[in-house]
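Q: Could you take me through one part of this structure slowly, as if I were meeting it for the first time? I would like to see how that part fits with its surroundings.

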Amino acid sequence: MLDLHAAQPDVLILVGTQTGNSEVVADAVAEALGELGFAVHLLDMAEAYPEMLEEYHQLIAVTCTWSDGTFPDNAVDFVESLEAVSPDLSGLQFGVCGLGDRDYDPYYQTAAEKLVGLLRAGGATEAQGLHDIDGGPTEADVAGAVAWAVRCAEAFAQSAS
Ligand SMILES: Cc1cc2nc3c(=O)[nH]c(=O)nc-3n(C[C@H](O)[C@H](O)[C@H](O)COP(=O)(O)O)c2cc1C
């Protein structure tokens, strides 16, 4: 049983999306973590800034990869400033869920992978490895992402206890 008293209450969920699929996944994840008792802050990456990652201890990022391995339009500025600012992320635990399509190999999930690398480079700890969704997302994909997010939440709680 998840002992949420041990976890920090706030979770930031950032969404990078071009056509809305990542938002569908992020909404489901936000609802599930809210039901677990977390205070969920769901934010479009266009509204995000690097320094806010120093204010949170727990982050879930959901982002697609767009043409030739790039970030979706709403995430580009955030990722560029994350690279430029290099905030101290040593107090942050995170999980990244990537949406992509293997038809776009060799660019499958490259944006999500890059985001994992940037967060790690800042000293953040990965609560769970990259969760990739290939195509879809189907209902099963959304359920899989929710189950992964709950495992992230368990890791958040464990490390805080
Ligand atoms: C024009 C276009 C380019 C895409 N490029 C990539 C890519 O380079 N790598 C990848 O893994 N997926 C790629 N995809 C797949 C998208 O990531 C996938 O459709 C995803 O669900 C879109 O999420 P969104 O609705 O949140 O934008 C591409 C899709 C389209 C339509």
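**A close look at strand β1**

A: Let's start with a pairing: strand β1 and strand β2 (residues 39-44) run parallel and are joined by six bridges. Two strands count as paired here if DSSP finds at least two bridges between them. Strands are DSSP runs of E with at least two residues, helices are runs of H or I with at least four, and both are numbered from the N terminus. A word on the source: this is a predicted model, in which local features need pLDDT of at least 70 and side-chain atom pairs count only at pLDDT 80 or more, while totals for chains, interfaces and linings use all residues. Residues are numbered from 1 along each chain as its sequence is written.

Now find Leu12 of β1 on your screen; its bridge partner in β2 is His41. β1 has another parallel neighbour, strand β3 (residues 58-64), and five bridges link this pair. Here Ile13 of β1 has Ile60 of β3 as its bridge partner. In a regular strand, side chains alternate between the two faces of the sheet.

How covered is β1? The strand spans residues 10-16, and six of its seven residues are buried. Buried means that 20 or more other C-beta atoms lie within 10 Å of the residue's own; 12 or fewer means exposed, anything in between is partly exposed, and the C-beta atoms are placed from the backbone. Across the protein chain, 42% of the 161 residues count as buried.

Next, follow the chain through the helix: β1, α1 and β2 form a right-handed β-α-β unit. Right-handed means that, with the strands pointing away from the viewer, the path from the first strand over the helix to the second runs clockwise.

The helix of this unit also leads us to the ligand. Both α1 (21-36) and β4 (93-100) supply at least two residues of the shell around the ligand. That shell has 20 residues, and the closest are Gln18, Asn21, Ser22, Cys64 and Gly100. A residue belongs to these surroundings if its C-beta atom, placed from the backbone, lies within 6 Å of the ligand.

Finally, step back to the whole protein chain, which has four helices and six strands. From the N terminus, its elements run β-α-β-β-α-β-α-β-β-α. The C-alpha trace spans about 40 × 35 × 25 Å along its principal axes.
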